[in-house]
Amino acid sequence: LALTDDIPARIFDDWNYSSVGQHSLGAPIAEAQHAPIAQKISEAYIGVLKIGRTIAAAKMDDREPILQNLRTRLGQSLPTQEMVNDISDAEDAPTVAEWVEIFTTPIDVNLDREVVWPVERELVY
């Protein structure tokens with residue numbers, strides 16, 4: 001999954017929520033089951049970002065009706081129940097704890113200069 005922290009314009013500029021019951025829209029189940037897990041996660045994530053962009057573009061007074069009728073207005077962007085089940089049941093999908101560890105642990109990258117011999121002298125000003 002990607003983070004949207006480095007995007008200049010916020011996609012979700014306000015805290016909103018809506019409760020949506022189970023639904024099945026979009027790709028048939030047979031096609032969805034054969035798609036790679038990365039594609040399923042990407043489709044779900046992009047759908048949620050589209051919903052955020054639509055809500056953020058609406059006037060403040062128009063946001064509540066959009067949230068009340070989320071399934072009818074933006075149902076194609078909502079992840080289906082089958083997609084959520086497939087993602088959560090996937091063996092290669094990280095758990096929440098693993099995901100948090102991945103994105104909070106500092107990156108440990110070996111730089112080229114760390115594996116070159118002899119060691120280059122530090123630049124002296």
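The protein comes to six helices and zero strands, where helices (H or I, at least four residues) and strands (E, at least two) are DSSP runs numbered from the N terminus. Read along the sequence, the pattern is α-α-α-α-α-α. This is a predicted model, in which local features need pLDDT of at least 70 and side-chain atom pairs count only at pLDDT 80 or more, while totals for chains, interfaces and linings use all residues. Residues are numbered from 1 along each chain as its sequence is written, and side-chain values use heavy atoms, with hydrogens and water left out.

Begin with the whole chain. Of the 125 residues in the protein, 20% are buried; buried means under 20% relative accessible area, exposed over 50%, and partly exposed in between (1.4 Å probe, protein chains only). Contact means heavy atoms within 4.5 Å. Among contacts between residues at least 6 apart in sequence, 80% join residues at least 24 apart.

**Stop 1: helix 3**

Select residues 60–68, which form helix 3, and colour its buried residues, Arg63, Ile66 and Leu67. Seen down the helix axis, these buried residues fall within an arc of 95°, so they line one face of helix 3; the arc is that of the directions from the helix axis to the C-beta atoms. An α-helix has 3.6 residues a turn, so residues three or four places apart point the same way. Next, show helix 2 (37–57) and helix 4 (70–74), against which the buried residues of helix 3 pack. Then select Asp61 and Gln68, the exposed residues on the face of helix 3 turned away from its buried side.

**Stop 2: helix 2 and helix 5**

Keep helix 2 and add helix 5 (residues 81–89): their axes come within 10 Å and cross at roughly 130°. Axes are lines fitted to C-alpha atoms, for helices over the stretch in contact, and angles run from 0 to 180 degrees between N-to-C directions. The crossing angle makes helix 2 oblique to helix 5, given that angles under 35 degrees count as roughly parallel, over 145 as roughly antiparallel, 65 to 115 as roughly perpendicular and the rest as oblique. Helix 2 passes helix 5 in a left-handed crossing, meaning that the near helix is turned anticlockwise from the far one by less than a right angle.

Which residues of helix 2 and helix 5 make the contact? Select Ile37, Lys40, Ile41, Glu43 and Ala44 on helix 2, together with Met83, Asp86 and Ile87 on helix 5. By class, this contact has five nonpolar, no polar and three charged residues. Here Ala, Val, Leu, Ile, Met, Phe, Trp, Tyr, Cys and Pro count as nonpolar, Asp, Glu, Lys and Arg as charged, and the others, Gly among them, as polar.

Now select Ala38, also in helix 2. Ala38 is exposed, with a relative accessible area of 56%. Measure from Ala38 to Ile87: the two are 49 residues apart in sequence and 9.0 Å apart in space, C-alpha to C-alpha.

Move to Ala35, in the loop between helix 1 (29–34) and helix 2. Ala35 is buried, with a relative accessible area of 18%. Its C-alpha is 9.9 Å from that of Asp86, 51 residues away in sequence.

**Stop 3: the loop between helix 4 and helix 5**

Select Ser77 in this loop. Is Ser77 buried or exposed? Ser77 is buried, with a relative accessible area of 16%. Leaving aside neighbours within four places in sequence, Ser77 is in contact with Gly47, Val48, Lys50 and Ile51.

Gln76 occupies the loop between helix 4 and helix 5 as well. Gln76 is exposed, with a relative accessible area of 64%. Gln76 and Lys50 are 26 residues apart in sequence and 9.9 Å apart in space, C-alpha to C-alpha.

**Stop 4: after helix 6**

Finally, select Pro118, in the segment after helix 6 (96–104). A cis peptide bond joins Trp117 and Pro118, with omega about 0°. Most peptide bonds are trans.
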